[in-house]
Amino acid sequence: MFARAAAISRTGMTNLIRYSHSHGGIPGENLPFSLGNRYKLTAMFIVFLGSGLGAPFFVLRHQLLKQ
């Protein structure tokens, strides 16, 4: 039972790697954003982290002002 599951898993991973169109070995190739423009990357990180870290404070402010 475990041998069959391992064989299916191995075959699935082989097919995934084969058909992923990735050449491999290039840092940042599989990321969903570009690393080429460092200023855009910095701005996107600030927006992403700022929205995630700031959301609880905006929710708290909204609840306190709601009355």
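Me: How many buried residues does α2 have among its 29 residues?

Reply: Burial is about how much of a residue's accessible area is left open: under 20% relative accessible area counts as buried. In this predicted model, the count for α2 is 2, so the helix is hardly covered.

Me: And what share of the chain's 67 residues is buried?

Reply: Just 3% of them. The chain has 2 helices and 0 strands. Its accessible surface is about 6600 Å², with 68% of that belonging to carbon and sulfur atoms.

Me: How do I read the span of α2, and what is expected at 1.5 Å a residue?

Reply: Take the distance from the first C-alpha to the last and set it against the expected value. For α2, residues 38-66, that distance is 40 Å, close to the expected 42 Å.

Me: Where does α2 bend?

Reply: For a bend, you compare the helix axis ending at a residue with the axis starting there. Here the angle is about 40° at Gly54, and Pro56 follows within four residues.

Me: Where does UniProt place the "transmembrane region"?

Reply: Treat such a feature with some care, since annotations may be inferred rather than shown by experiment. The unreviewed UniProt entry puts it at residues 41-60. That stretch is 100% helix and 0% strand, and its end C-alpha atoms are 29 Å apart.

Me: Which residues make the nonpolar surface patch?

Reply: Leu31, Phe33, Leu35, Phe45, Phe48, Leu49 and Leu53 make it, with an area of about 710 Å².

Me: Is Phe45 buried, partly exposed or exposed?

Reply: Between the 20% and 50% cut-offs a residue is partly exposed. Phe45, which lies in α2, has a relative accessible area of 40%, so it is partly exposed.

Conventions:
Residues numbered from 1 in each chain as written. Predicted model: local features only at pLDDT ≥ 70, side-chain atom pairs only at ≥ 80, totals over all residues. Heavy atoms only, no water. Patch = residues over 30% accessible without salt bridge, like charges linked within 9 Å, V, L, I, M, F, W, Y side chains within 5 Å. Areas by Shrake-Rupley, 256 points an atom, 1.4 Å probe, with all protein chains shown as cover. Salt bridge = Lys/Arg side-chain N within 4 Å of Asp/Glu carboxyl O. Buried < 20%, exposed > 50% of the residue type's maximum accessible area, 1.4 Å probe, protein only. Expected span 1.5 Å × (residues − 1). Bend = angle between axes of the 7 residues up to and from the residue.
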